[in-house]
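Biologist: I'm new to this one. Can you pull it up and walk me through it?
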Amino acid sequence: MIHLGQWQNQKITLSRKINSLTLSRESKTETAVFSWDLAGRLWTAMINTVSYRRGLDGKVIAKWISPTQERGRRWLSLEESQQLIGYAQLSASDILTDLQQRTVVITPSADAELLTALEAAACFTWPQSLNDAAHYSQVYKPVGILPPDQYMAVVLQAAEGCSFNTCTFCDFYKSRPFHIKSPQEFSAHARAVHDYLGKGLSLRRTVFLGDANALVIPMKRLVPLLEITHNTFPVDKLGGIYAFLDGFSGEKKTIADYQTLAQMQLKRVYIGVETGSDELLSALKKPGSAADAVQTVTRLKQAGVSVGVIFLLGVGGKKYAAEHVRETIRVINAMQLGLEDILYFSEMVEHEGMEYTRSAYTQDYGLLSAAERAAQEEEITAALQFSETYGVPHISRYDIREFVY
Ligand code: SF4
């Protein structure tokens, strides 16, 4: 329900949805919009043209579009986060006090559900935000990365880390040994996540089985973990189970295995294919071949599980550009992607200390500019062929610098 009113010479709007509370305040000089989950955690904010998103780990990212239409982003400092969370909390608590003292009138008048949600938001002070982030880090090992359509999932770390950890361009899990949780450990973890999210669970969609390669877990061990997931969370209501899988090696699953997992509500599997070029994959120290990835995609789709495949833009620089484009087109076309699938293009993000960056320098890759990477994406997508029977997959950008959970 949407409630409108005037408060301190500002137009205010309060909206209590089934999964969140939104408050907007609009003066002559500023428009501020805040959203909280029903446990009271600040989730998003927008102040004039800058949007903010607070992750469960307490970090806040700011994003904006420049006058020249370029996307900008940066992580807030602790002081800036404190200021933002304080501003949101004070807005909620001041309006709540005035509603309780009837010194402000909103139409329709506040009901019990709105007041409860506002009370939770008014309690989300800076110390409470720090406590919540500390609780989060007791429940989770750092969540390295998720596909962009899974940022609002309930992450359950059935395994921790990556079973390979060799890829030169990836340092998400370098400090963490690969570990598959026992049923006892996983059950305690799932329960702890459930308790931690509390009423905030209503904001979450889907269950994402972490970390980097959860589906590499052998079936004998994986099925009991999925049963625990179903016993702890309303998986159907949340929209099913999603996970990453390396498309290459490890415990290869059969079509029958994937059918069993589909019956247990596995909906989509994400595979970081990176490039269709085997030579480049080998230079990146990514195990396996592009043909393995095509085979994994084919098996999943035959079992009725959709896929999200991720390719890197600019990887291998000028040295590999022609081969990367040619082989990537060939491999994507061989995957027979359809309407239910997602094709992600992710810009290669180089930074100091990464093995990839050192190789790019010593082997003279020749970095591609942002415009050249965009051109690479255009060249690949222009050559893709999708069948009328399966339809066209959703094609989107995947910017790992914007990841927040
Ligand atoms: S398999 Fe994936 S998660 Fe593991 S090191 Fe390679 S890119 Fe990173």
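Biologist: Which hand does the crossing of H4 and H5 have, left or right?
Modeller: The crossing of H4 and H5 is right-handed. Keep in mind that this is a predicted model.

Biologist: What angle do H4 and H5 pack at?
Modeller: About 25°, and the axes of H4 and H5 are 10 Å apart. H5 covers residues 219–232. H4 covers residues 183–197.

Biologist: So what do you call that, parallel or antiparallel?
Modeller: Roughly parallel, for H4 and H5. Angles under 35 degrees count that way.

Biologist: What about H3 and H4, at what angle do they cross?
Modeller: At roughly 165°, with axes that come within 10 Å. H3 is residues 126–139. That angle makes H3 roughly antiparallel to H4.

Biologist: And the hand of H3 passing H4, left or right?
Modeller: Left-handed.

Biologist: New topic. Which residues surround the ligand?
Modeller: Four that start with the lower numbers are Cys162, Phe164, Asn165 and Cys167. The shell also includes Cys170, Phe172, Tyr173 and Ala212. Asp246, Gly272 and Lys286 are there too.

Biologist: How does the shell around the ligand split by class?
Modeller: It has seven nonpolar residues, two polar and two charged.

Biologist: Back to Asn165. Where does asparagine 165 lie?
Modeller: In the loop between strand S11 (159–160) and strand S12 (179–180). Its phi is near 60°, which is positive in a residue other than glycine.

Biologist: Why does asparagine 165 count as partly exposed?
Modeller: Because it has 18 C-beta neighbours inside 10 Å. Buried takes 20 or more, and exposed takes 12 or fewer.

Biologist: What is phi for glutamine 336?
Modeller: Near 50°, again a positive value in a residue other than glycine. Glutamine 336 lies in the loop between helix H10 (317–334) and strand S17 (342–347). Glutamine 336 counts as partly exposed, with 17 C-beta neighbours inside 10 Å.

Biologist: Now peptide bonds. Is the one from threonine 107 to proline 108 cis or trans?
Modeller: Cis, with omega near -10°. Proline 108 lies in the loop between strand S9 (106–107) and helix H2 (112–122).

Biologist: And from glycine 210 to aspartate 211, cis or trans?
Modeller: That peptide bond is cis, with omega near -5°. Aspartate 211 is in the loop between strand S13 (207–210) and H5.

Biologist: Let's do the core. How many residues are in the largest nonpolar core?
Modeller: It has 83. Val207, Ala243, Val269, Ile271 and Val309 touch the most other members. A second, separate core has 27 residues, including Leu38, Ala45, Leu114 and Ala117.

Biologist: What about charged residues? Is aspartate 37 buried or exposed?
Modeller: Aspartate 37 is buried, with 24 other C-beta atoms within 10 Å. It sits in strand S4 (residues 31–37).

Biologist: How far is aspartate 37 from serine 20?
Modeller: Their C-alpha atoms are separated by 4.5 Å. Along the chain, aspartate 37 and serine 20 are 17 residues apart.

Biologist: Last one. Is lysine 301 buried or exposed?
Modeller: Buried, with 21 other C-beta atoms within 10 Å of lysine 301. Lysine 301 belongs to helix H9 (residues 290–302). From C-alpha to C-alpha, lysine 301 and glutamine 150 are 20 Å apart in space. In sequence, lysine 301 and glutamine 150 are 151 residues apart.

Note on methods. Residues numbered from 1 in each chain as written. Predicted model: local features only at pLDDT ≥ 70, side-chain atom pairs only at ≥ 80, totals over all residues. Near = placed C-beta within 6 Å. Nonpolar A, V, L, I, M, F, W, Y, C, P; charged D, E, K, R; others polar. Core = buried A, V, L, I, M, F, W, Y, C linked by C-beta atoms within 7 Å. Axes fitted to C-alpha atoms, helices over the stretch in contact; angles between N-to-C directions. Helix = DSSP H or I, 4+ residues; strand = E, 2+ residues; numbered from the N terminus. Parallel < 35°, antiparallel > 145°, perpendicular 65-115°, else oblique. Left-handed = near helix turned anticlockwise from the far one by under 90°.
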